[in-house]
Amino acid sequence: MKTVRLTVAQALVKFLDNQYVEFDGKVTKFIEGIFGIFGHGNVLGLGQALEQNSGDLVVRQGRNEQGMAHVAIGFAKQKLRKQIYACTSSVGPGAANMITAAATATANRIPLLLLPGDVFATRQPDPVLQQIEQPYDLSISTNDAFRAVSKYWDRVSRPEQLMTACINAMRVLTDPAQTGAVTIALPQDVQGEAYDFPESFLEKRIHRIERTLPTEPMLQDALALIQSKKKPLIICGGGVRYSEAAEQLKAFAEIYNIPFAETQAGKSAVVSSHYLNVGGVGETGCLSANLLAKEADLIIGVGTRYTDFTTSSKWIFQHPEVKYLNINISRFDAYKLDGVQITADAKETLEKLTALLAPTGYQSAWGEEISQAKQQFEKELDRLYHLSYSENDFVPEVDDNLNREAVFEEFIRLTNSRLTQSRVLGILNETLGENDVIVGAAGSLPGDLQRVWQSKGVDTYHLEYGYSCMGYEVNAALGVKLAQPQREVYALLGDGSYMMLHSELVTSIQEGKKINVILFDNMTNGCINNLQIGHGMDSFATEFRFRNADTNKLNGAFVPVDFAMNAASYGCKTYRVTTEEELVAALQDAKKQSVSTLIDVKVLPKTMVHSYGSWWHVGVAEVSEKERVQQAYENAVKRINEARRY
């Protein structure tokens, strides 16, 4: 057996540089590069190896460990999980910063390889800088916290362990059913230890992402179920995009006249204008999809995890005889809602179902209901996209009746802006190009976008809503830009998410990879403010207000922030927007820029889009001094009793 003597870190770099995936006969280099922030736990090990010979791996410098890992997630998601970046950090706070990103990747089924440094395997210098000591177990370090949020976790305590750790990491990263965060903890002393690695371990390796075929019994069960139902509704999930099955879904829907609704991950697999695309469904669903969802007697879930927002907490599908057909590569997801399971690739399954159903002459019984629902939605969309503020008779979309006029007056006095959030979205949707990509994750915007955004191009809607991680947006936008540099990329986020994390905006400047940030500033964590008020509370610690010296509570004046000034200090081209004309001009000028841009848009609170006949199960106080909270609890009990039990 031929061997080569390398350090663990050098062998790891050489291994990563030689990993490829094959999908539908196309071979792609799997790991494009490594994002790193170096400290004493990795700089002299993995850092030395990369400096000596990084091969074809692109080494990029992060600003915040969570932020750079979000870049990697955004990249992998936009690459449809066929290519990734790895991320390395030092031990301690650097590693801990990546835990949130690991959870984000795992919740969304996105491959993410994390390589945090670790404490000394020998334990001889313990405790070293940034080491946590647990008296009951000296083997524990910060990196053990990754176990709960990783799909595969390992610690390389001896050089020879690297080989099985790497092979198993690739097994999970390239498995469409099991992928997520993979963590390989690397003790800093072991990184520098040498070993005679077999050359075969370091050679080019191709991992095939296979299309799992449905079995004949699976298909026959599905066929029988479809034929027994009159009004099926397809749910287009993220699996449709990752399987590249959009054309097959369209063909199936068109032949059998079946409308399809979208999840956050599935949106833009097919453009919104398609006559059978009825839009987002569930708690953040639009009018047309939710109207049909309540009448559907069969839900065909394709590549969806059936989250509570998609099912409106298992409440939106109200037909008394509704059944579920679940097409999913993951057996775990296919079993949800006690449906008929097809554990197989979406594209292959849809092709086979289309062919098998054809001889039966099957057609759904929807009739004109699909077009009528679409027409109702289009009318509502036009209203929302052109909703302007009027002083005397203006009623916001989210009407809480709690000191509403005073809040508007204060906001207008501070910002001189009367822009509504839905009007801003209308202008953006009309102005952005059909191939431009929008990125979002948290706050009120994902709900608004799922309800009203019209995708004009394929794979142009990039929302992280499995974990809804505040701070994903700006950083992931850079990942999207790295994945598809020819496209204009727009991060849409609120002031709360921007302040949570926007570190890799600086990296975008450093790398010359232009992104555009559209920041909606309403001086509030608006989504959660709506949630608390909608369930009987008053506004409490969700608006950004000064502490009131008289009450000692956070109910003083709004705290104004100049976000444009902040981004300008990084080197971005910035704009402060308070009118429609300023917004249009800023968008036009931003497209001409070669550096990253930030448009600071001041939008009136409570002017986001409301829900359409949906319900979300959240914990409500069973006992309260407020009558409004008591009413909210009673309503929750009523809805719980109407929802599916499992």
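This passage walks through the domains of a predicted model, one interface between them, and a strand in the C-terminal part of the chain.

The domain assignment divides the chain into domain 1 (3-208), domain 2 (216-373) and domain 3 (387-602). Two annotated features can be set beside this division. An unreviewed UniProt entry places "domain: Thiamine pyrophosphate enzyme N-terminal TPP-binding" at residues 32-132. In the model, helix makes up 36% of that stretch and strand 22%, and 33 Å lie between its end C-alpha atoms. The second feature, "domain: Thiamine pyrophosphate enzyme TPP-binding", is listed by UniProt, again in an unreviewed entry, for residues 442-601. This span is 40% helix and 16% strand, and its end C-alpha atoms are 17 Å apart.

Next comes the meeting of domain 2 and domain 3. Their centres, taken over C-alpha atoms, are separated by 32 Å. Contacts join 17 residues of domain 2 to 17 residues of domain 3. The size of an interface is often expressed as the accessible area lost when the parts come together. Here, about 1400 Å² is buried between domain 2 and domain 3, with carbon and sulfur atoms giving 47% of that area. On the domain 2 side, the residues that lose the most area to domain 3 are Gln264, Lys267 and Ser268, which together account for 41% of what that side buries.

A residue of helix H11 (residues 246-256) also deserves a look, namely Gln248. Is Gln248 buried or exposed? Its relative accessible area is 16%, and because the cut-off for a buried residue is under 20%, Gln248 counts as buried. Leaving aside residues up to four places away in sequence, Gln248 touches Lys347, Leu350 and Glu351.

Strand E18 (residues 437-440) offers a neat case of a strand covered on both faces. In a regular strand, side chains alternate between the two faces of the sheet. In E18, Val437 and Val439 are buried on one side, while Ile438 and Gly440 are buried on the other. E18 pairs in the parallel sense with strand E20 (residues 489-494) over three bridges, and within E20 the bridge partner of Ile438 is Tyr490. Strand E19 (residues 461-463) is likewise a parallel partner of E18, again over three bridges, and there Leu463 stands opposite Gly440. The connection from E18 to E19 involves helix H19 (residues 445-452), and the three elements form a right-handed β-α-β unit.

Terms used
Residues are numbered from 1 along each chain as its sequence is written. This is a predicted model: local features need pLDDT of at least 70, side-chain atom pairs count only at pLDDT 80 or more; totals for chains, interfaces and linings use all residues. Side-chain values use heavy atoms; hydrogens and water are left out. Buried means under 20% relative accessible area, exposed over 50%, partly exposed in between (1.4 Å probe, protein chains only). Helices (H or I, at least four residues) and strands (E, at least two) are DSSP runs, numbered from the N terminus. Two strands pair if DSSP finds at least two bridges between them. A crossover is right-handed if, with the strands pointing away from the viewer, the path from the first strand over the helix to the second runs clockwise. UniProt positions are given in the numbering used here, feature names are shortened, and annotations may be inferred rather than shown by experiment. Domain bounds come from an automatic or database domain assignment. Contact means heavy atoms within 4.5 Å. Buried area is the accessible area (1.4 Å probe) that two parts lose on being put together, summed over both.
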